[in-house]
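Please consider the structure shown below. The paragraphs that follow lead through selected features of its surface, its loops and its interior.

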Amino acid sequence: MAYLKIGKYEAAEKDCSTALSIDYTYVKAYHRRGTARIELGKLEEAEKDFEQVLNIEPSNKTAVAELKRIGKLQLQREEEARKEAEKAAMAIVHPVEKKPHERSKKPLRRIHIEEIGSDGEEEEIEVNTNKQTDTPPVTVATTEPAESITFTSPADVLKAATKHSNSHKDDAQVNGNLQESSGMLISEVNNSETTSTKKIVEEEKIKETKKVIKDSTTPTVPKIVPAIPDVPTTSFQLQSDWRTLQSFPEQLYKYFKEIPPSNYSKLFQQSLDSIMLNKILCLLKEYYIQNEEPVFNELKGLSQVKRFSMNIMFMSAKEKQVVKELFKYLESKQPDKSTEIAALSKTYDL
């Protein structure tokens with residue numbers, strides 16, 4: 001209760017589970033664990049806890065109210081999930097496909113694209129002379145910004161042309177040097193990437209080799225199979241043995257088989273809850289059917305335990321399916337008991 005008041009719901013759930021492992025009839029522990037699980041969002045598990053409260057105390061009004069609240073929360077969660085799914089679906093853009101008569105009748109327009117500012121554009125410098133000579137106007141091609149230069153003599157014209165030719169030679173030499181430097185830089189980068197890749201591959205090979213050596217030298221520890229305990233005399237002893245053997249289902253099957261079905265009523269008394277009942281039914285389905293063992297006496301013994309009908313009432317559809325498979329097997333295995341099997345199936349609400 002203290003953990004619930006300060007909001008430590010996980011700790012409250014753990015404490016209640018510990019208390020229930022000692023006494024499966026402790027109603028307050030079921031109630032408080034159910035409350036903690038609601039706050040943690042574990043609505044299905046909380047629902048089972050409050051159903052168990054009603055199993056022990058059918059007139060518990062608080063448990064009924066909590067079950068109604070859980071039902072509303074489940075509906076709310078489903079509604080939110082539906083809205084999220086609809087929102088996600090609306091975010092998807094679907095192509096629009098129009099029928100031919102619904103499409104636009106406007107003609108398509110041609111858009112003219114003009115390229116400007118080309119790097120290889122050549123400009124011309126027009127050279128004029130003030131003197132009247134027979135020499136035609138001199139035009140010099142250059143990549144420099146266009147400018148109009150007027151010369152006063154043929155010597156000035158010759159001087160300007162020579163200077164322009166020399167500048168082109170210098171540009172060619174600079175471009176050649178740049179290309180040579182770029183080639184050297186690319187070669188160095190490629191060599192560096194190749195070396196780095198080889199280093200990574202070598203490191204991975206070393207790691208794999210170490211792992212193989214470690215796996216081959218690590219001894220495999222065999223799993224110790226526990227011995228089958230004596231036949232239990234109390235439900236607490238059964239719960240303890242069940243936890244010990246639950247990782248060894250074959251041993252658990254042999255252990256439960258040693259318990260006489262006629263002792264179930266005395267063994268469980270009022271402590272057979274829905275969780276334990278479903279575990280036993282699953283064990284019968286998985287191992288009794290597999291080993292072709294009869295299950296009539298086991299099912300009959302369980303039906304004679306107190307509060308059995310309450311546990312059957314709150315079974316889920318999945319748990320009901322296990323019971324149906326058991327009775328289907330029972331009808332094929334023991335057809336001589338068809339009348340008794342039919343009567344027993346009614347106690348299991350089939």
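Is glutamate 292 buried or exposed? In this predicted model, glutamate 292 has a relative accessible area of 55%, and because the threshold for an exposed residue is over 50%, glutamate 292 counts as exposed. Its place is the loop between α10 and α11. The backbone of glutamate 292 also deserves attention: its phi is positive, at about 55 degrees, although the residue is not a glycine.

A second non-glycine residue with a positive phi is arginine 307, for which the angle is about 65 degrees. Arginine 307 is located in the loop between α11 and α12. With a relative accessible area of 28%, arginine 307 is partly exposed.

The helices that flank these loops also take part in the interior. The largest nonpolar core comprises 37 residues, and those with the most contacts inside it are Phe256, Phe268, Leu281, Leu284, Leu299 and Tyr348. At least two residues of this core come from each of α7 (235-245), α8 (249-257), α9 (264-268), α10 (274-288), α11 (296-303), α12 (308-313), α13 (317-333) and α14 (338-347). The largest share, eight residues, is supplied by α10.

Attention now turns to charge on the surface. Glu202, Glu203, Glu204 and Glu208 form a patch of negative charge there. One of these residues, glutamate 208, belongs to helix α6, which spans residues 154-217. Glutamate 208 has a relative accessible area of 53% and is therefore exposed.

Notes:
Residues numbered from 1 in each chain as written. Predicted model: local features only at pLDDT ≥ 70, side-chain atom pairs only at ≥ 80, totals over all residues. Heavy atoms only, no water. Patch = residues over 30% accessible without salt bridge, like charges linked within 9 Å, V, L, I, M, F, W, Y side chains within 5 Å. Areas by Shrake-Rupley, 256 points an atom, 1.4 Å probe, with all protein chains shown as cover. Salt bridge = Lys/Arg side-chain N within 4 Å of Asp/Glu carboxyl O. Lys, Arg positive; Asp, Glu negative; His and termini not counted. Charge placed at Lys NZ, Arg CZ, Asp CG, Glu CD. Helix = DSSP H or I, 4+ residues; strand = E, 2+ residues; numbered from the N terminus. Buried < 20%, exposed > 50% of the residue type's maximum accessible area, 1.4 Å probe, protein only. Core = buried A, V, L, I, M, F, W, Y, C linked by side-chain atoms within 4.5 Å.
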